[in-house]
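Work through the three exercises below with the model open. Each task is followed by its solution.

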Amino acid sequence: MRADVGGGNMITCGRETREKEADMSLEINIEKRQQGTFIVSPSGSIDSETYMELENKLQPVFEAAPKAIVFDMKKVGYISSMGIGVILTTKKTLEKAGGMVMMVNLQPQIKKVFDVVQAIPGFSIFASIEEADGYLMRLQQEEMEKRRYQ
């Protein structure tokens, strides 16, 4: 629905506004870190229109046999069940290969979604990438210490 507010100015309201908000595109940046860690930073909405983009971008990461994938969710404003499915599938795939998935910088509305579907207890969630990096460093140091005494 459009309404003329005079002088040729139009405002958009109702269903059309919701469609435009939901039609947010998805950009994905992937950064390879040391020792098989990848930071996946989606930006936008992960929904039924965009989840395949995330799946496709993750394929080369899986082929690199990662030890950890960190989803930096700072710029994700919306996630649907399809987006949750991609993240849960990533978690299951990586755990089968001995790796782990972490999420950082969740917006309150995104954290709420994971709380509702009870996905968070199976994830390691950190306030920042630095905190996740520190955790990974401690894990690696512990593993090196174990091997030193064997």
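This is a predicted model.

**Exercise 1.** Place asparagine 105 in the fold, decide whether it is buried or exposed, and find its side-chain partner.

*Solution.*
- Step 1. Asparagine 105 sits in the loop that links strand 7 (100-104) to helix 4 (108-116).
- Step 2. Its relative accessible area is 19%. Buried means under 20%, so asparagine 105 is buried.
- Step 3. The side chains of asparagine 105 and aspartate 72 make a polar contact of 2.9 Å.
- Step 4. Leaving out residues up to four places away in sequence, asparagine 105 touches Asp72, Met73, Lys74, Phe126, Ala127, Ser128 and Ile129.

**Exercise 2.** Check the span of helix 3 (residues 81-96), then work out how its buried residues are arranged.

*Solution.*
- Step 1. Helix 3 has 16 residues, and at 1.5 Å a residue they should span 22 Å. The end C-alpha atoms are 22 Å apart, which agrees.
- Step 2. Gly83, Ile84, Val86, Ile87, Thr90, Lys91 and Leu94 are the buried residues of helix 3.
- Step 3. Viewed down the axis, these fall within an arc of 155 degrees, so they line one face of the helix.
- Step 4. Ser81, Lys92 and Lys96 are exposed on the other side of helix 3.
- Step 5. Just after helix 3, glycine 98 has a positive phi of about 85 degrees.

**Exercise 3.** Locate glycine 36 and list what it touches.

*Solution.*
- Step 1. Glycine 36 lies in the loop between strand 3 (26-32) and strand 4 (37-46).
- Step 2. Glycine 36 is buried, with a relative accessible area of 16%.
- Step 3. Glycine 36 and alanine 65 are 29 residues apart in sequence, yet their C-alpha atoms are 7.2 Å apart.
- Step 4. Not counting residues up to four places away in sequence, glycine 36 touches Pro66, Lys67 and Ala68.

Key:
Residues numbered from 1 in each chain as written. Predicted model: local features only at pLDDT ≥ 70, side-chain atom pairs only at ≥ 80, totals over all residues. Heavy atoms only, no water. Helix = DSSP H or I, 4+ residues; strand = E, 2+ residues; numbered from the N terminus. Buried < 20%, exposed > 50% of the residue type's maximum accessible area, 1.4 Å probe, protein only. Polar contact = N/O pair within 3.5 Å; in protein donor to acceptor, adjacent residues only side chain to side chain. Contact = heavy atoms within 4.5 Å. Expected span 1.5 Å × (residues − 1). Arc of directions from axis to C-beta.
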